[in-house]
Amino acid sequence: MLLGEAPYVEGYLSYHPSVILPFSPSFFLSFFFGLFAFYFFYPPPLHLLFPLIMSSSTLPDASQVGLPASDASRAAELASLKVKLRAGLRQFPDFPSPGILFEDIMPIFADYTLHEALIRSLELHILENHGGQKPDVIVGLEARGFLMGPSLALRLGASFVPVRKQGKLPGPCDTVAYEKEYGKDFFQMQSDAIKPGQKVLVIDDIIATGGSAYAGGELIQKMGGELMGFIFLLELEFLHGRDKLSAPVYTLLSGQA
Ligand SMILES: O=P(O)(O)OC[C@H]1O[C@H](OP(=O)(O)OP(=O)(O)O)[C@H](O)[C@@H]1O
Ligand SMILES: Nc1ncnc2[nH]cnc12
């Protein structure tokens with residue numbers, strides 16, 4: 001037994017002799033041998049590049065961690081994600097009223113790879129557009145805007161604020177009336193939800209007549225928010241909803257395929 005090594009007694013709570021204890025001679029030997037080996041393979045100044053060498057070979061690439069990739073690879077990634085997303089939509093005729101072909105987005109959330117594809121597509125769009133500016137606040141429209149807004153806000157490091165149907169939010173609220181493809185309603189936001197000058201992006205699943213999005217934008221502007229734009233998964237372009245909106249409109253998919 002070497003000096004500094006713990007005694008080893010078979011069947012007793014102790015250390016096997018092959019275990020290197022700190023401050024034992026074998027510990028110092030291994031430490032200095034390791035240091036020598038490191039400088040042998042990465043001599044100064046090459047050892048300063050070690051973190052770079054590691055990052056290029058062993059760390060996940062940008063698309064895996066949600067960081068910006070190059071313009072060309074972003075465009076290619078976005079195109080293939082859109083194909084996946086389109087396959088995740090399904091339609092129901094005459095819902096919720098006769099003559100409406102209802103777009104059901106729920107299969108996207110039932111499959112986590114499609115869910116990830118959706119959030120990544122939205123993130124790619126924001127990185128690509130808006131002159132590199134990120135929103136301070138993502139505003140989601142009730143109810144399906146709540147499925148996408150919070151995870152996108154988290155990805156971008158932004159706040160999430162809901163626009164709700166009347167009577168759901170506590171405290172002082174601002175209210176607007178609006179009309180959509182199949183009915184009329186009132187939207188509300190808590191009056192202190194947006195600080196004047198904050199850059200705001202509105203998100204929802206679908207733009208049809210644009211009535212809901214227009215009302216959401218009105219509330220934001222009433223509070224002094226700077227409307228950066230609107231972002232949707234799907235646009236029913238034959239209803240010309242985007243013509244109502246005064247800020248840039250981006251949609252991942254359009255039309256009822
Ligand atoms: O462009 P528009 O004609 O205004 O229509 C689009 C809106 O209609 C749907 O919401 P809906 O009010 O049906 O509510 P839900 O999300 O609560 O189901 C959709 O999620 C949009 O918010
Ligand atoms: N056709 C539609 N399908 C799903 N959601 C909608 N919101 C407005 N029109 C819609």
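These legends walk through four close-up views of a predicted model.

**View 1. Helix α6 (residues 112-128) packs against helix α7 (residues 145-156).** The two axes lie 10 Å apart and make an angle of about 55°. Because of that angle, α6 counts as oblique to α7. The crossing of α6 past α7 is right-handed. On the α6 side, look for H115, E116, L118, I119, R120, L122, E123 and I126. Their partners on α7 are L147, M148, S151, L152, R155 and L156. If you sort this contact by residue class, you will find eight nonpolar, two polar and four charged residues.

**View 2. Helix α4 (residues 71-87) meets α6.** Here the axes come within 9 Å and cross at roughly 140°. That angle makes α4 oblique to α6. The handedness of the α4 and α6 crossing is left-handed. From α4, the contact draws on D71, R74, E77, L78, L81, K84 and L85. From α6, it takes in T113, L114, A117, L118, R120, S121, L124, L127 and E128. By class, the contact of α4 with α6 holds eight nonpolar, two polar and six charged residues. Take a moment to find L118 and R120 of α6: both belong to the contact with α4, and both also belong to the contact with α7.

**View 3. Ligand 1 and the residues around it.** Ligand 1 has 16 residues around it, and those that come nearest are K180, Y182, D204, T209 and S212. Three polar contacts involving oxygen atoms of the ligand are worth picking out. A polar atom in the side chain of K180 is 2.5 Å from an oxygen atom of ligand 1. For D205, an N or O atom of the side chain lies 2.6 Å from an oxygen atom of the ligand. With G211 the backbone takes part instead: one of its polar backbone atoms is 3.5 Å from an oxygen atom of ligand 1.

**View 4. Ligand 2 and the residues around it.** The surrounding residues are I100, L101, F102, E103, R144, E181, Y182, I206, A208 and L236. Which residue offers a polar backbone atom 2.9 Å from a nitrogen atom of ligand 2? That residue is E103. Side chains reach ligand 2 as well: an N or O atom in the R144 side chain is 3.2 Å from a nitrogen atom of the ligand. A polar side-chain atom of Y182 is 3.4 Å from a nitrogen atom of ligand 2. You have already met Y182 in View 3, as one of the residues that come nearest to ligand 1.

Notes:
Residues numbered from 1 in each chain as written. Chains lettered and ligands numbered in written order. Predicted model: local features only at pLDDT ≥ 70, side-chain atom pairs only at ≥ 80, totals over all residues. Heavy atoms only, no water. Axes fitted to C-alpha atoms, helices over the stretch in contact; angles between N-to-C directions. Helix = DSSP H or I, 4+ residues; strand = E, 2+ residues; numbered from the N terminus. Parallel < 35°, antiparallel > 145°, perpendicular 65-115°, else oblique. Left-handed = near helix turned anticlockwise from the far one by under 90°. Contact = heavy atoms within 4.5 Å. Nonpolar A, V, L, I, M, F, W, Y, C, P; charged D, E, K, R; others polar. Near = heavy atom within 4 Å. Polar contact = N/O pair within 3.5 Å; in protein donor to acceptor, adjacent residues only side chain to side chain.
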